[in-house]
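Subject: Structure handover

Hello,

Here is the structure I said I would pass on. My notes on its pockets and domains follow below.

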Amino acid sequence: MTVVKTLTKAEEQVMQALWQTGPAFVKDLIDLMPEPKPHYNTVSTLIKILQEKGFVDYKAFGKSYQYFALISKDEYSRNTMQNFVKGYFSGSFREMVSFFVKEKDLSVNELEQVLQQIKHAKNEQP
């Protein structure tokens, strides 16, 4: 498994826009962001940081750059959730589910749906 660095909220917002649109220029990413729109230079700086962290690369078109994600949203989500469970629930997904059940954030119906997804996933494994 690849070790994925953590993103700041601002970096994650840029990545969400990039995952949503696919390869894009800075202007395209800004268009996808919620109001108030960040300044062009702010997004450009965040893109450079994301490049340094290994999340983004680019293709040059003259003096313009089209950026694309090197890490999928699924890969980042999986890594983030694993770190979350490790940090708050001693690495136990069972403890996490138990917490949400106790907090009444997970109904019996939702829990049954989770169980069905687990069974389905186990049946698909080789």
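The largest pocket has a lining of eleven residues, and those nearest its centre are Phe93, Val114, Gln117, Ile118 and Lys122. Two elements each give two or more residues to this lining, namely helix H5 (93–102) and helix H6 (108–124). H6 gives the most, with seven residues. Please keep in mind throughout that this is a predicted model. The volume of the largest pocket comes to about 290 Å³. By type, its lining residues divide into seven nonpolar, two polar and two charged.

The second largest pocket has a volume of about 160 Å³. Arg78, Met81, Gln82, Phe93 and Met96 line this pocket. The elements that give two or more residues here are helix H4 (73–89) and H5, with H4 giving the most, at three residues. Three of the lining residues are nonpolar, one is polar and one is charged. Phe93 is worth finding in the viewer: this residue lines the second largest pocket and is also among the residues nearest the centre of the largest pocket.

Next, the two ends of H5. At the start of the helix, serine 92 places a side-chain oxygen within 3.3 Å of the backbone nitrogen of arginine 94. Lysine 104 follows H5 and has a positive phi, near 65°.

As for the domains, the assignment divides the chain into domain 1 (1–89) and domain 2 (92–125). The C-alpha centres of these two domains are 29 Å apart. Where they meet, five residues of domain 1 are in contact with five residues of domain 2. The area buried between domain 1 and domain 2 is about 470 Å², and 80% of that area is on carbon and sulfur atoms.

Which three residues supply the most of the area that domain 1 buries against domain 2? They are Met81, Val85 and Phe89, which together supply 86% of that area, more than any other three residues. Met81 therefore appears twice in these notes, since this residue also belongs to the lining of the second largest pocket, where a lining residue has an atom within 4 Å of a pocket point.

If you open the model, I would begin with the lining of the second largest pocket and then move to the residues that domain 1 buries against domain 2, including Met81.

Regards

Methods: Residues are numbered from 1 along each chain as its sequence is written. This is a predicted model: local features need pLDDT of at least 70, side-chain atom pairs count only at pLDDT 80 or more; totals for chains, interfaces and linings use all residues. Side-chain values use heavy atoms; hydrogens and water are left out. On a 1 Å grid over the protein atoms alone, a cavity is a set of points where a 1.4 Å probe fits but cannot get out, and a pocket is an open set with protein on both sides within 12 Å along at least five of seven lines; lining residues have an atom within 4 Å of a point. Grid points are joined across faces, edges and corners, and a volume is the space filled by probe spheres set on the points. Helices (H or I, at least four residues) and strands (E, at least two) are DSSP runs, numbered from the N terminus. Ala, Val, Leu, Ile, Met, Phe, Trp, Tyr, Cys and Pro count as nonpolar, Asp, Glu, Lys and Arg as charged, and the others, Gly among them, as polar. A polar contact is a pair of N or O atoms within 3.5 Å; within protein, one must be able to donate a hydrogen and the other to accept it, and residues adjacent in sequence count only if both atoms are side-chain atoms. Domain bounds come from an automatic or database domain assignment. Contact means heavy atoms within 4.5 Å. Buried area is the accessible area (1.4 Å probe) that two parts lose on being put together, summed over both.
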